[in-house]
Amino acid sequence: MHTKKRKHNPLVSRLSCFTVSLYSYTHLHTPVVLTVHSLLAVLSVGSSYITLQCPQVQVHHYHVGLWIGHHLCPQLPAPAFGAQELKECAGRVFVDAQPEFCLPERELLDLSTIDVILISNYHCMMALPYITEHTGFTGTVYATEPTLQIGRLLMEELVNFMERVPKAQSATSWKNKEIRRMLPGPLKDAVDVWMWKRCYSMQEVNSALSKVQLVGYSQKVELFGAVQVSPLSSGYSLGSSNWIIQSHHEKVSYVSGSSLLTTHPQPMDQSSLKNSDVLILTGLTQMPTANPDGMLGEFCSNLAMTIRAGGNVLVPCYSSGVIYDLLECLYQFIESANLGTTPFYFISPIANSSLEFSQIFAEWLCHNKQTKVYLPEPPFPHAELIQTNKLKHYPSIHGDFSSEFRQPCVVFTGHPSLRFGDVVHFMELWGKSSLNTIIFTEPDFSYLDALAPYQPLAMKCVYCPIDTRLNFHQVSKLLKEVQPLHVVCPEQYTQPPLTQSHRSDLMLELQPPPMPYRRCSVLNLPFRRRYERIYILPELANSLVPSEIKPGVSVATVSALLHSKDNKHTLQSVPKPPPMPPSKKRKRVIEEPPVALAPKPMLSGAVALEAFLATLQKHGITEVKVEETADGHILHLQAEDTLIQLEEDGTHIVCDSEPLRTTLRDLVLRFLQKL
């Protein structure tokens, strides 16, 4: 079968009002700013973006997702809109315009003041060019190498998809406040619609990624001497990270997009999360009731049934991530299901690069796949599928694909939203036949909304969302093991879903209860920075004379200069005054340099009451009235009309006679140690 260049259908080839949201996919639409007293401002993002602020540094982390607009209000007269902006399909109305993207939250904080951005995984950096190129941001972005390289590919793919969309005028009439308030659902509730922008360019992508500094797992990066940040494997995707943000005495863990399942990435590093003062939790699974293994089995069985019936299978998916596991699953399934002659096509502008990158990042893979590299064997079996021509990849549906395409087949292509990319062509090509099947595996989109512009649709639809991120049972077990003092999480995690209010297992139940946050909320984290670490130079340390105040504990006094720079504090020896230069002229008065006075000795110890009373009696003071107080004791020397206050951190003598006061002072000093 040959293909010809299709005629673009404005209902399906243009964007039906979708946006890129920074607030997550399904149950989290919430950026939050957290203030840590005297700590530092660190932003970490997985499924939301979160800011930890302090007077010295700010660090951010962003996440980006897609969502699709629903039908408009049918009661509203069509002339009230722009006739060119609305298209009707199967009883639903869509905004027909060039794709626009929602920018990161900018009203809550000035992004130009951010010092550092931490990236958790490559799905979390799709909005990066909007931040680095249009907000005055001059800081540094930290990410692992796979996150950077695969993130670059996904941005390149998105730009390529946008360039294929027919160039049309931007739709603005529907954004009018008076019109939008009469619209239902997502269109009426859309956030900051006048701030939405078109997709960035490759020039902006390259400029944004030039600001990224690569880090490895467990590598400690010092930020202005105030804190250290360190990425840990989160087990979710190649190079995905959780982040540790710590000073010498405080520790904050940011957990987002993590997985405990055995898939292709390195397993999650759990032990490093222990002893956290605060653990910020986000990016849990969007499908808590769908078991990934069960979804894989259903995926394979539906695929096999369709192929045996002579139909084609369309899998709208991202070009990196779950597709590696799908191909590995099919590699094991093909022969047993007698599908050895069925062609598999992977179509994407970055298909070749994505498959190659997955093979070369061996150190970021799980142990089993790392060992294959030293055999040597390719870590992923899709390399063998390509060598045997069972899997073929193409940059687009044009060119070689047109001449080599044969049916029935399985096609992996994007975009999962079904609003742009080569998937639109296959929806038009296969959508009218009930022999064909579309299988949704990405959990980021409502498949009903994705299919809405294509109705009526004859092809079968199967929903097998594969989300390997932590579910509520797994995260509860994880938190019991790492035992953070405090947990911060989205408010949605602290209550069951609205549609399943009886499911108490679909929420977090912790003791003490977690601190919930909602969109644009500001939280004060429940700890303060109480201590600072001070270093002492070796020559100054050699001059100290420690005194043992109790077994195993020695102290010493020190006179030094405190030198502070970049939040690092060092004790240095007091410099000696320079010698006076010899003078030829005789002076009447010779000015001597000031002599540094030795510090007064410090006192340590406690005055035992009974022993002190016995000592007073030996010195002829017998009439002593003792009164117990909250801080110690008050001794009233009645004959001498004198008061002695014995407290834990001091002793006070109130006396009119100076000789008596001196005598009592000396008696008290017998019980104390001079340092």
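Which order do the three strands of the open sheet have? I looked this up in a predicted model. I read the order as S27-S31-S30, and the pairing is mixed.

**Entry: the three-stranded sheet**

I checked the edges next. Strand S27 (534-536) and strand S30 (560-565) are the edge strands, and each of them pairs on one side only. I then noted the angle between neighbouring strands of this sheet, which is 30 degrees on average with direction ignored.

I followed S30 to its partner. S30 and strand S31 (residues 568-573) run antiparallel and are joined by six bridges. Within this part of the sheet I found Leu561 opposite Gln572 of S31.

I also looked at the loop between S30 and S31, where Asn567 is found. Its phi is near 65 degrees, which is a positive value in a residue other than glycine. I asked myself whether Asn567 is buried, exposed or partly exposed. The relative accessible area of Asn567 is 27%, and I put the residue down as partly exposed. That value falls between the cut-offs of 20% and 50%, so neither of the other two words applies.

**Entry: strand S16 and its partners**

I moved to strand S16 (251-256). How many of its six residues are buried? I counted six of the six, so S16 is largely enclosed by the rest of the structure. The side chains divide by direction: Lys251, Ser253 and Val255 point one way, while Val252, Tyr254 and Ser256 point the other way. I noted that residues pointing either way are all buried.

Which strands does S16 pair with? One is strand S15 (residues 241-246), in the antiparallel sense and over four bridges. A hairpin of four residues leads from S15 to S16. In this pair Ile244 stands opposite Ser253 of S16.

S17 is another partner, and here the two strands run parallel with five bridges between them. I found Tyr254 bridged to Ile280 in S17.

**Entry: Ser276**

I then looked at the loop between S16 and strand S17 (278-282), because Ser276 lies there and is buried, at 1% relative accessible area. Which side chain does the side chain of Ser276 meet in a polar contact? It is the side chain of Ser253, at 2.6 Å. Ser253 is one of the S16 residues I had already listed as pointing the same way as Lys251 and Val255.

I listed what else Ser276 touches, without residues up to four places away in sequence. The list is Lys251, Ser253, Pro484 and Leu485.

**Entry: Thr413 and the bond after Gly414**

I found Thr413 in strand S21 (residues 410-413). Thr413 is buried, with a relative accessible area of 1%. A polar atom of its side chain lies 2.9 Å from the backbone oxygen of Ile347. Apart from neighbours within four places in sequence, Thr413 is in contact with Leu314, Val315, Pro316, Cys317, Ile347, Asp422, Val423 and Phe426. Ile347 is thus both a contact of Thr413 and the residue that supplies the backbone oxygen.

I went on along the chain to Gly414 and His415, which are joined by a cis peptide bond with omega about 15 degrees. His415 lies in the loop between S21 and helix H13 (423-430).

**Entry: a second cis bond**

I noted another cis peptide bond, from Gln511 to Pro512, with omega near -5 degrees. Where is Pro512? I placed it in the loop between strand S24 (486-490) and strand S25 (515-517).

**Entry: Asn389**

I came across another positive phi in a residue other than glycine: Asn389, near 65 degrees. Asn389 has its place in the loop between helix H11 (382-387) and strand S20 (391-394). At 52% relative accessibility I recorded Asn389 as exposed, because the cut-off for that word is over 50%.

**Entry: helix H3**

Last I looked at helix H3 (residues 145-164), which has 20 residues. What distance does H3 reach from its first C-alpha to its last? I read 29 Å, close to the 28 Å expected at 1.5 Å a residue. Of the 20 residues of H3, 14 are buried, so the helix is largely enclosed by the rest of the structure.

Note on methods: Residues are numbered from 1 along each chain as its sequence is written. This is a predicted model: local features need pLDDT of at least 70, side-chain atom pairs count only at pLDDT 80 or more; totals for chains, interfaces and linings use all residues. Side-chain values use heavy atoms; hydrogens and water are left out. The expected span of a helix is 1.5 Å times one less than its number of residues. Buried means under 20% relative accessible area, exposed over 50%, partly exposed in between (1.4 Å probe, protein chains only). Two strands pair if DSSP finds at least two bridges between them. Axes are lines fitted to C-alpha atoms, for helices over the stretch in contact, and angles run from 0 to 180 degrees between N-to-C directions. A polar contact is a pair of N or O atoms within 3.5 Å; within protein, one must be able to donate a hydrogen and the other to accept it, and residues adjacent in sequence count only if both atoms are side-chain atoms. Contact means heavy atoms within 4.5 Å.
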